[in-house]
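This report describes selected features of a structural model, moving from individual helices to sheets and then to whole chains. The sequence and the structure are shown first.

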Amino acid sequence: MRFKDVQIEMAHGAGGKASRRLVEGLIAPLLSNATLDELGDAAVLPFGAGRLATTADSFVVRPLRFPGGSIGELAVNGTVNDLAVSGARPLALLATFILEAGLSTQTLREELEALAAAARRAGVSVIGGDTKVVEHGKADGMYISTFGFGTVDERALLAAGNVRPGDRVLVSGSVGDHGITVLLARGELDLEAQLESDTRPLTELAFALIDACGDGLRWMRDPTRGGVATALNELARACGHAVLIEEDSVPLRSEVRGACEILGLDPLHIANEGCLLAIVAPQSAGAALEVLQRTPGGERAADIGEIREAPERTVLGRNAYGGTRTIDMLVGDPLPRIC
Amino acid sequence: MKYVDEFRDPPVIVRLARELAHIVEPGRTYRIMEVCGGHTHAIYRHGLRDILPPSIELIHGPGCPVCVLPTGRVDDGLAIVANPGTILTCFGDMMRVPGSLGTPLEHKARGADIRMVYSPLDALRIAQENPQHHVSFFAIGFETTAPSTALTLLRARELGLTNFSVFCNHVTIVPAIRAILESPDMRLDGFIGPGHVSTVSGCRPYEFVPRDYGKPLVVSGFEPVDILEGVLMVLRQLRAGEAKVENQYRRIVPWDGNPAALRAIFSVFELRPYFEWRGLGFISQSALKIRSEFAQWDAEARFELPGVRVTDPKAAQCGEVLKGVLKPAQCKLFGRECNPEHPVGALMVSSEGACAAYYRYVHHADPVFA
């Protein structure tokens, strides 16, 4: 794949097809190495007797504050979650801030307090970082980047290559809450709803699965930008099989459903910040679901589908009366600056 | 959710599918056109072809106002925003439509002030908030959206705004349906009539279809139950040897349409003598133009626009797909040179475009993608 676009567009940041082309067609080839080329959620390196997972994430969400969270919380949870779905508890985080001249200290203080609280909740410390300031108009308040690392649990043998036909697809909670919350918080639409971002650390949910399933747990992902659809398409592409989703079993709050109907959006393409996708062996699925539902944050966990042999590298949706459709990766950018 | 769940109720859908399976005559095929791109998307989105009897073929029609707009008109819109101090506003659907020098989104990334709005009244508000700029609204759509554009122009006049204009590309649906019926390529048995256009125009304008061409037309809603009921109503007419206009979408569409909306349209707009449609050529009395009393809010009067006729690339078969002569996957460029990220024509990116619907919802079944 070669990146042939002449300039960067918003779509390249949406987490969908354009983002994938940018990373796989330009960035990864130029920096290429064995670890990078795997393009996992976290990079895993051999470290002493074990494995070290490292990950980086950046946050440009607008507005900075929204029901259920703010950029400070996303900054911690986003990185902790990339580690969690790689089977690692976070050891430490680093955080860099790009601040806009004119940002009020009160706002910065509030975000730092949110970040600190999120770090405490996730059981991780921010051990260092960097701060830069740019001119007014160049950073929209603030941008935050976080870098995290942790040791991978030896029981976690997670790879797309382990996924096989018959495996079940589980999701830990309702889908689309974060993206729709942020969209409504922008106040540009005449829509209101009782809705909150689902941002939370996923470590306990991920480890509940590792404990319950052992090697029956094949693969995990936190579906952020691009949504569940994009994450499953990446899985399908990587493992070569088909993913069949029973659409009516995907947990969806009625507010998210309603907003998506009105706006013509597909909830499966909307970003989540506190939701986990897991592929588990069929014999582990019952126990996995039960343990998720007993863990805080996993109350709405559901079995939403299965892996099949064909059609290869495709994600399909099936509805209650047997109609099927392809569930494609996100194209374009319906909701920019969502995380 | 009210008005959605009842019309997606699986037992009802299964029952309708069974009725359809019983009503079709063995050995006969049925070709029914859904005029409106919104129906095409709904049919694919809900996987309805999986449950329709195989002898019923649904053929998508030209009811996509963005798709039928020639590239030259997109270029004209982009020429407006090339004037310094101008802001171009448009619906989200327009943003990825290719002009000769790129899409509005690409122009925006290069610095043009192009903003997405959900309503022309948003554009008016932007004009009020930015008195130093000229704000122009790229108006598209069939009769469905023309009333809100009309009301916006009336409001602009009321407010005495001097920094607002509309670039009017509204088209009307009846000439498109007539052009399809007149086309020698088509052999159709009936129509699923437009749903939302009909809330404005009512059902009477379609009476020429059974009267002059002997085909049934059923105005239908967009949920799975609506579409299946609409198809069933067409089939019942065919079975009985009848041809008339029927209204399946009664909960939304009044038989006589919306007189206030129609009055608003005709107070502000008049019919152009002719207008070019992609795929259907020049059609007379098929598009709306802003009346001269509103000239100061007419972008075509206020700006020098190139007005160049730009033909589609030779290999692109947008016109045939629009008319329903070709299925999207039969176009040689489909899925190869033309895809949603790099579209050759608007059909691949519009939320009512047949190619976009097929690409998005059906390609798992299509060897083009193997």
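## Helix H14 of chain B

Ala354(B), Cys355(B), Ala356(B), Ala357(B), Tyr358(B), Tyr359(B), Arg360(B), Tyr361(B) and Val362(B) are the buried residues of H14(B). The model is a predicted one. Helix H14 of chain B covers residues 354-362, and 9 of its 9 residues are buried, so that the helix is mostly covered.

The cover comes from both chains. Chain A contributes strand E14 (324-326), while helix H2 (37-45), strand E2 (56-63) and helix H13 (318-323) of chain B are also included in what covers the buried residues of H14(B).

## Helix H7 of chain A

Helix H7 of chain A comprises the 13 residues 227-239; at 1.5 Å a residue it should span 18 Å, and the 19 Å between its end C-alpha atoms agrees with this. Because 10 of the 13 residues are buried, H7(A) is largely enclosed by the rest of the structure. The buried residues include Gly227(A), Val228(A), Ala229(A) and Thr230(A) towards the start of the numbering, and Leu235(A), Ala236(A) and Cys239(A) further along.

The buried residues of H7(A) pack against five strands of chain A: E8 (168-171), E9 (217-221), E10 (242-246), E11 (277-280) and E13 (314-318). Just after the helix, Gly240(A) adopts a positive phi of about 85°.

## The loop residue Glu309 of chain A

Glu309(A) is located in the loop that lies between strand E12 (302-308) and strand E13 of chain A. Is this residue, with its 11 C-beta neighbours inside 10 Å, buried or exposed? Glu309(A) counts as exposed, because a residue with 12 or fewer such neighbours falls in that class.

Residues up to four places away in sequence aside, Glu309(A) touches Pro165(A), His241(A) and Ala242(A). Of these contacts, the one with Ala242(A) bridges 67 residues in sequence, with a C-alpha to C-alpha distance of 5.7 Å.

## A β-α-β unit in chain A

Strand E5 (residues 92-100) and strand E6 of chain A run parallel and are joined by 8 bridges. Within this pairing, Ile98(A) stands opposite Lys132(A) of E6(A). Together with helix H4 (residues 105-122) of chain A, E5(A) and E6(A) make a right-handed β-α-β unit.

How many of the 9 residues of E6(A), residues 126-134, are buried? The count is 0, and the strand is hardly covered.

## A four-stranded sheet in chain B

Chain B contains an open sheet of 4 strands in the order E4-E3-E5-E6, with parallel pairing. Its edge strands are E4 (114-116) and E6 (164-170) of chain B, each of which pairs on one side only. On average, neighbouring strands of this sheet are turned by 25° against each other, direction ignored.

Strand E3 (residues 86-90) of chain B is joined to E4(B) by 3 bridges, and the two run parallel. Cys90(B) has Met116(B) in E4(B) as its bridge partner. Helix H5 (residues 120-129) of chain B lies across E3, E4, E5 (134-141) and E6 of chain B, and runs at about 175° to E5(B). Helix H6 (residues 146-159) of chain B also packs on the sheet, where it touches E5 and E6 of chain B. The direction of H6(B) makes about 160° with that of E6(B).

## The two chains as a whole

The secondary structure of chain A amounts to 9 helices and 14 strands. Its radius of gyration is 19 Å, close to the 20 Å given by the globule rule for 339 residues, so chain A is as compact as a globular protein of that length. Along the principal axes, the C-alpha atoms of chain A fill a box of roughly 55 × 55 × 45 Å. Of the 339 residues in chain A, 50% are buried. Among contacts in chain A with a separation of 6 or more, 83% link residues 24 or more positions apart.

Chain B has 14 helices and 13 strands. With a radius of gyration of 21 Å, close to the 21 Å that the globule rule gives for 370 residues, chain B is likewise as compact as a globular protein of that length. The C-alpha trace of chain B spans about 65 × 50 × 45 Å along its principal axes. Buried residues account for 51% of the 370 residues of chain B. Where contacts in chain B join residues at least 6 apart in sequence, 77% of them are between residues at least 24 apart.

Conventions: Residues numbered from 1 in each chain as written. Chains lettered and ligands numbered in written order. Predicted model: local features only at pLDDT ≥ 70, side-chain atom pairs only at ≥ 80, totals over all residues. Expected span 1.5 Å × (residues − 1). Buried ≥ 20, exposed ≤ 12 C-beta atoms within 10 Å, placed from the backbone. Contact = placed C-beta atoms within 7 Å. Pairing = 2+ DSSP bridges. Right-handed = clockwise from strand over helix to strand, strands pointing away. Axes fitted to C-alpha atoms, helices over the stretch in contact; angles between N-to-C directions. Rg over C-alpha atoms; globule rule 2.2 N^0.38 Å.
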